[in-house]
Amino acid sequence: MDIVFIEDLRIETVIGIYDWERRIRQTVALDIEMRFDNTRPAATDRIDDTLDYKAVSKRLIAFVEASEFQLVETLAERCAAIILDEFSVEHVRLRLAKPGAVRGSRAVGVQIERERPATSA
């Protein structure tokens, strides 16, 4: 299966467990890999046949900007669920980083992989 990816999507949001974090907006960075069969869009050259990474990005930006989660784990799960539920994606690998969260590191965060549950026939 092919991969459609979005790399280093930076979004401002309220994220964190400390009181001072709840009063400011911080940047999170998302790296996303989505399994998608690119055979048809490659043959037709039509945006309607492909996974529109701009639409995915816009949806995640709107969601993350409006969110106020405490944990990066929760935010990552919700973002993965949006991709699986709202777009034609069967599998997603999502890395959510919080730059500057720990002194001496460039970023900390989580990486998760999720699949759309199989539907019973």
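This section describes salt bridges, a nonpolar surface patch and the surroundings of one glutamine in a predicted model.

The whole structure contains 11 salt bridges. One of them pairs R114 with E77, with an N to O distance of 2.3 Å. This pair links distant parts of the chain. R114 belongs to strand β4, which covers residues 107-115. E77 belongs to helix α4, which covers residues 72-86. The two positions are 37 residues apart. R114 has a relative accessibility of 30% and counts as partly exposed. E77 is also partly exposed, because its relative accessible area of 32% falls between the limits of 20% and 50%.

A salt bridge also joins the side chains of R116 and E90, at 3.3 Å from N to O. R116 lies in the segment after β4, and E90 in the loop between α4 and β3 (91-99), so the bridge ties together parts that are 26 residues apart in sequence. R116 is partly exposed at 29% relative accessibility. E90 is partly exposed as well, with a relative accessible area of 46%.

Salt bridges with shared partners connect R40, R46, D48 and D49 in one network. Within this group, R46 bridges to D48, and their closest N and O atoms are 3.4 Å apart. The two residues fall into separate accessibility classes. R46 is partly exposed at 44% relative accessibility. D48 reaches 62% and therefore counts as exposed, the limit being over 50%.

The surface also carries a nonpolar patch of about 500 Å². Its members are I17, Y18, W20, I24 and L71. I17 is placed in the loop between β1 (3-13) and α1 (19-22). With 47% relative accessibility, I17 is classed as partly exposed. This value satisfies the patch criterion, because patch residues need over 30% relative accessible area.

Q26 offers a buried counterpart. This residue is part of strand β2, which spans residues 26-35. Its relative accessible area is 13%, so Q26 is buried under the 20% limit. The side chain of Q26 makes a polar contact of 3.4 Å with the side chain of E21. Beyond neighbours within four places in sequence, Q26 is in contact with I11, E12, T13, I15, E21 and K98. E21 thus appears both as the polar partner of Q26 and in its list of contacts.

Note on methods:
Residues are numbered from 1 along each chain as its sequence is written. This is a predicted model: local features need pLDDT of at least 70, side-chain atom pairs count only at pLDDT 80 or more; totals for chains, interfaces and linings use all residues. Side-chain values use heavy atoms; hydrogens and water are left out. Patches are made of residues with over 30% relative accessible area and no salt bridge: like charges are joined within 9 Å, nonpolar side chains (Val, Leu, Ile, Met, Phe, Trp, Tyr) within 5 Å. Accessible areas come from the Shrake-Rupley method with a 1.4 Å probe; for residues, only the protein chains shown count as cover. A salt bridge is a side-chain nitrogen of Lys or Arg within 4 Å of a carboxyl oxygen of Asp or Glu. Helices (H or I, at least four residues) and strands (E, at least two) are DSSP runs, numbered from the N terminus. Buried means under 20% relative accessible area, exposed over 50%, partly exposed in between (1.4 Å probe, protein chains only). A polar contact is a pair of N or O atoms within 3.5 Å; within protein, one must be able to donate a hydrogen and the other to accept it, and residues adjacent in sequence count only if both atoms are side-chain atoms. Contact means heavy atoms within 4.5 Å.
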